[in-house]
Amino acid sequence: MRGIRVIPYLLIAPAVLFLLVLFVVPLVQTMALAFQSDGGWNFGNFSRMANDINFNDAVTDTFEIVVIAVPLQLALALGMAMMLRHVQRGRDIVLWIWSIPLGISDLAAGLVWLAILNDRGFLNSLLFRVGLISSPQSYLTYETPIALLAAIVIAELWRATAIVLVIIVAGVQLVPKEYAEAADVFGATPWQRFIRITLPLLKPSIQTALILRTVLAFEMFAMVLSLGGRNFPVLVSEAFNWEYAQQDYGVAAAYAVVVMLVSLAATLVYLGALRSPPDAR
Amino acid sequence: MSNGMLSRRSAAWLAAGLLGAATLPAAPRPAQAADLVFLSTQLRPIEEAQKLRNDVLSKAPVPSTFVPEATPEFTVRAKAEIAGGTHTISLLGALHGELQPLATLGALEPLDALATRLAARGFPDNLMALGRFGGQHQLYIPWMQATYVMVANKKALPFLPPGADLKTLTYAQLAAWAQAIQAKTGNRALGFPAGPTGLMPRFFEGYLYPSFTGGVVAPFRSPAAEAMWAEFATLWKSVTPNSTNYNFMQEPLLTGEVWIAWDHVARIQDALRQKPDDFVVFPAPAGPKGRGYMPVIAGLAIAKGAPDAAGAASLIDYLTRPTTQIQTLRSSSFFPTVKATIPNDLDPGLKLTEIGVAEMQSAPDAKPSLLPIGLGDKGGAFDKVFLDTFQLIVLRGQKPHDVLPREGEAMQRIMTDTGAPCWAPDPPSTGACQVQ
C-alpha cells in the first residue's frame, strides 16, 4: 500500500525539482537583486527604473499591444475555429497552414515583417508598382508612431493567433454535437447558438488561451526589437538594455519583477473572471 | 468535463514556466578544446573569424581555439571563471572598454615584461598608456585599431555647398549639404547608426562634444554644449528618421537609402568592398573647437590563472608582428598597432578606408579623444547619459537648457561613483572628473 502512495510523488519529483532549480531559485535571486542597491535593501532600483526616460513609454507600449492584440487574436481565433468546423475535406491541411507561424521563432518573424515593412520592403515595392506611391514611405520610425504600432500589432497577430486557434479548436472538439442539435430544434439562430452554447462551453479553453497569450504578450521582445528598435521600448526590451547595455543588473531585475507581477495579475484576473461553475466542468 | 480541468492546470504550469523564462540569466558557453582558448569579442562575424583561424592562427607557434563571443557573454564568462575558480581562458582579445571591467576586477595578468620585450615593434606611446588603465602595470598589449569615418555616395557630391571640401568639412557645411539634398531630391539622405546596437554614443563622446566644446565630461552642460545640441537638432531635420533603426550603416548605404553616413570603419566595409567605385571616405566634420575623432583600440590580455600563460604570451608576440598585423588587416578592417607598411595590393574598399583614416589622423585641426578611462562597469551608464540627452533634445524636442542640467547630474554621479579622473580632451583633474 505504502509503495503505491509514494509512486505518484516519485513520478512528479523530477518536474518539481526542475521547476524549483530553474524557476524558483532564479526567481528568488531576481527578487533579491531587484530590492538591493547601494549595499542595502531598498527600492532604489525601482525608483531609478521609474525615473528613466523610457519607463513610461515602455509601460504604455506594452499595454497598448496587449490591449489591442490579445482581444483581436481571440476574436480571430474564434472565427477561424468556427469556420473550420464546417470544413470537411482538407481540414487538417488548413489547420496546418494556419499554424505555420507557430513554428517560426520570434526573431525570424520580426525579420520577415521587417523585410516587408521597411523603406525598401515588399509593401513599398508593391505600392510603387501599382502606382499608389511615388517614393518609399517609412512606417517604422519615431515620426510614424501609429503606423509603427499597427505594424507591430499586425505582425503579432500573424505570429501568435495560431496558438489561440489551436487551443480553441481543441476546445470546440469537446463540445457535444447534441447541444447544437437541440438548439436547432428550438429554432436558435447560428448567432444565438454561438453566444448561448458554444462560447460558454469554450470558457475553459478561452481562459487557457488568454492566460497564455497575455503572459506571452507581456514578454514580447525579439519581434518588437527588430521592428521598433529604439522607437518602441517595451518592458522586456528595457530589462534587456539595462542588463546588457548599461550592465545594471539591479534595474534589469526590477523590470523583470514588474513583468512578473503584471503577468501574475493578468493570470489571476482571467482565473477569476472566467471561472466556470463546478457543475459546468 | 475533465479535459477542461486538465488544460487549466497545464495552462497554469505553462504560465509559471513562461514567467520564469523572463527571470533566467544567460548561461555562458562551455569551453571547447584542450588547446589554448583565445576568447575574443572582435572578429566575431563568421567570415572574419574563419579568416583569422585559417590565415593567421594556423601559422602561429602555439595551437589555439579561437572563441568569438559577444560583449555580454564575454564579460559574463570571464567573470564566471574568476568567481568559479575554474580557468579555461588563456588569451583575451577585446576592445579597451570591454577589458576595463576585467582590469578593475584584477582579472588581468600584468604584462610589463612582455611589453618591454615587444617595445621595438613601435607601439605608439598613447596606445600603450591606454593599456595601463591609468595604473602602473601594462594590462593589455594593443592588438588592432580602427576609428570612425564619414562615407558618402558619389551621387551626393554635386550637392556639396560651394567652397566646401570633403577633407576640411565643418558641421555647418554638413548640415547645408544634407539640406541641399533634401531640398532638391526630397530625400533625407544623411544617416547615423542610432539603432539599438548602433555606435551613436561614440559620436557624441568622441566627435560632437570635442568638436563643439573641446571636452566631453567637464563642458557637458556648458553654454557651448547647449548651442551644440540646438545646432545638432537643426541638422537632424535633414537626417533620415530611419536612423534610430540603423545599427550598421553599410546596409542603408548599399541600398541607396542613405547617401552620407558616419560609422565605425568595420561597419561600412561591406558597402566599400562591394561597391568601391560608388563611395568616398572622408574625415569627420570639424566644429568651432576642432575636428574631434576617437580611435578604437582592441587589446590582447592574459587572464589571471590562465591555464597556458606562456602560450598566450607567445601568441601575443606572434599577433603583434608586422606581417601578422597586415594579414589581420586583410581579413578584417582593423589597422596595425605597430609600425608596418601598408601594402599596395590592398582590397579597394580597405584602401578607401585607409586613406580616410589617414586624412582624419593627419588633419591639422584633429582633436583626438581617448576612450573613457576608469569608468569600470559604468561604461554603459556613461553611454546612456548621451543617448538619453539625444533622445530628449533631438527626438522629443525638449530644450537643451532644461535637459542638460538633469543629465549633467547623472553624469556627475557616474564620475563620483567611479572616481574616474578626466581624460583627454578634458583637462586633467585631481580626483573624480567634475561636470562644470
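This is a short dialogue on reading chain B of a predicted model.

Biologist: Where do I start? How many helices and strands does chain B have?

Modeller: Chain B has 16 helices and twelve strands. Next, look at overall size. Its C-alpha trace spans about 80 × 60 × 50 Å along the principal axes.

Biologist: What radius of gyration would a compact globule of 436 residues have, and what does chain B have?

Modeller: The expected radius is near 22 Å, and chain B has 23 Å, so the two agree. Burial is another check. In chain B, 51% of the 436 residues count as buried. Then take contacts with a separation of 6 or more. Of these, 76% join residues 24 or more positions apart.

Biologist: Now the domains. Which residues belong to each domain of chain B?

Modeller: The assignment gives domain 1 as 36-146 + 296-343, and domain 2 as 148-294 + 370-418. Their C-alpha centres lie 29 Å apart. Each domain puts 13 residues into the contact.

Biologist: Which element gives the most to the domain 1 side?

Modeller: Helix α4(B) does, with five residues. Both α4 and β10 of chain B supply at least two residues there. By class, that side of domain 1 has six nonpolar, seven polar and no charged residues.

Biologist: Let us stay with α4(B). Is this helix mostly covered or mostly open?

Modeller: Helix α4, residues 96-104 of chain B, is mostly covered, with seven of its nine residues buried. Among them are B:His96, B:Glu98 and B:Leu102. The buried residues pack against α3, β3, α6, β10 and α15 of chain B. After the helix comes B:Gly106, with a positive phi near 75°.

Biologist: And sheets? How do I read one?

Modeller: Strands of a sheet pair through backbone hydrogen bonds, either parallel or antiparallel. Now the case here. One open sheet of four strands in chain B runs in the order β6-β7-β5-β8, with mixed pairing.

Biologist: Why is one side of β6 and of β8 in chain B left without a neighbour in the sheet?

Modeller: Because β6 (190-191) and β8 (279-282) of chain B stand at the edges, each with a single partner strand. Helix α14 of chain B, residues 348-362, packs on this sheet and touches β5 and β8. The direction of α14 makes about 25° with that of β8(B).

Biologist: In what sense do β6(B) and β7 of chain B pair?

Modeller: In the parallel sense, over two bridges. To find one in the structure, pick B:Gly191; its bridge partner in β7(B) is B:Ala261.

How values were computed. Residues are numbered from 1 along each chain as its sequence is written. Chains are lettered from A and ligands numbered from 1 in the order in which they are written. This is a predicted model: local features need pLDDT of at least 70, side-chain atom pairs count only at pLDDT 80 or more; totals for chains, interfaces and linings use all residues. Two strands pair if DSSP finds at least two bridges between them. Two residues are in contact if their C-beta atoms, placed from the backbone, lie within 7 Å. Axes are lines fitted to C-alpha atoms, for helices over the stretch in contact, and angles run from 0 to 180 degrees between N-to-C directions. The radius of gyration is taken over C-alpha atoms; the globule rule is 2.2 Å times the number of residues to the power 0.38. A residue is buried if 20 or more other C-beta atoms lie within 10 Å of its own, exposed if 12 or fewer, and partly exposed in between; C-beta atoms are placed from the backbone. Domain bounds come from an automatic or database domain assignment. Ala, Val, Leu, Ile, Met, Phe, Trp, Tyr, Cys and Pro count as nonpolar, Asp, Glu, Lys and Arg as charged, and the others, Gly among them, as polar.
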